[in-house]
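Hi,

Here is the structure I promised to send over. Have a look at it first, and then read on for what turned up.

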Amino acid sequence: MKVLRLVLFGVTFFFVSLHLQAQVGINTANPLSTLDINGNLSVKTVTINGNGSGNGGAAVSINDGVYLSLVPFVTDDKFQLPSPASFPGRIYIIRNIQNTVTAQLTTASGMFFPKNSTTGSAQLYMYEGNLRTVIVISDGVNWTYIN
């Protein structure tokens, strides 16, 4: 009975210590954060084609990838991010790779806020010289963008 108690105590201690030490290291023996990567990081890259319907048409949904290359076929082809409420903390890096065609970025709900502003907008227009590349981050209600 005493041995069984020691075994149960040891197993309990092991699982509690795992819970308290919930840090994972990649290429490091002593992770200092929940995820500590000592090396390079690659993220999923996706190319998303517009549908050629422009401002009056339906948006192409964005639902995959981290680094997104948008390819609008006509001016103001719409590309729609998911609801920020569905994906709090989600980050996308988005680039319009067309040189002369504007991409319109929209969202299923919420708004877009520049990094240092309290004034939001319902869409972003991405073209040469204006938000050609943006990073958007969900706060659980809206998207904050950095260019």
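Let me start with a lysine: Lys44 is partly exposed, with a relative accessible area of 47%. Keep in mind throughout that this is a predicted model.

Who does Lys44 meet in a salt bridge? The partner is Asp64, with 2.8 Å from N to O. The two come from distant parts of the chain, 20 residues apart: Lys44 lies in the loop between S2 and S3, and Asp64 in the loop between strand S4 (60-61) and strand S5 (67-71). Asp64 counts as partly exposed too, at 34% relative accessibility.

A search of the whole structure gives two salt bridges. Besides the one above, Glu128 pairs with Arg132, and there the closest N and O atoms are 2.0 Å apart. Is Arg132 buried or exposed? Arg132 has a relative accessible area of 11%, so it is buried, the cut-off being under 20%.

Now the sheet. Six strands make an open sheet in the order S3-S5-S7-S11-S12-S9, and the pairing is mixed. Strand S3 (45-49) and strand S9 (112-114) are at the edges; each has a single partner strand, so one side of each has no neighbour in the sheet. From one strand to the next, the twist averages 30°. As a reminder, strands of a sheet pair through backbone hydrogen bonds, either parallel or antiparallel.

Inside that sheet, strand S11 (residues 133-138) and strand S12 (residues 143-146) run antiparallel and are joined by four bridges. If you want a spot to click on, Val136 has Tyr145 in S12 as its bridge partner.

S12 also takes part in the one aromatic pair that a search of the whole structure finds. That pair is Tyr92 with Trp143, and it is tilted, at 5.9 Å centre to centre with 45° between the planes. Tyr92 sits in strand S7 (residues 91-96) and Trp143 in strand S12, so the pair links distant parts of the chain, 51 residues apart. How accessible are the two? Tyr92 comes out at 0% relative accessibility and counts as buried, and Trp143 is likewise buried at 0%.

There is another strand pairing to look at. Strand S8 (residues 103-107) pairs with S10 in the antiparallel sense, over four bridges. Ala103 stands opposite Met126 of S10. Which side chains of strand S10 (residues 123-126) are buried? They are Leu124 and Met126, which point to one face, while Gln123 and Tyr125 point to the other face and are not buried. Colouring S10 by side-chain direction should bring out this alternation.

Last, the surface. Val24, Ile26, Leu35, Ile37, Leu41 and Val43 make a nonpolar patch of about 530 Å². Strand S1 (24-26) and strand S2 (35-37) are the elements that give two or more residues to the patch. Leu41, also one of the patch residues, is placed in the loop between S2 and S3. With a relative accessible area of 62%, Leu41 is exposed, because that value lies over the 50% cut-off. The loop between S2 and S3 therefore turns up twice in this email, with Leu41 in the patch and with Lys44 in the salt bridge to Asp64.

Cheers

Notes: Residues numbered from 1 in each chain as written. Predicted model: local features only at pLDDT ≥ 70, side-chain atom pairs only at ≥ 80, totals over all residues. Heavy atoms only, no water. Pairing = 2+ DSSP bridges. Axes fitted to C-alpha atoms, helices over the stretch in contact; angles between N-to-C directions. Patch = residues over 30% accessible without salt bridge, like charges linked within 9 Å, V, L, I, M, F, W, Y side chains within 5 Å. Areas by Shrake-Rupley, 256 points an atom, 1.4 Å probe, with all protein chains shown as cover. Salt bridge = Lys/Arg side-chain N within 4 Å of Asp/Glu carboxyl O. Buried < 20%, exposed > 50% of the residue type's maximum accessible area, 1.4 Å probe, protein only. Phe/Tyr/Trp six-rings, centres within 6.5 Å; stacked < 30°, edge-to-face > 60°.
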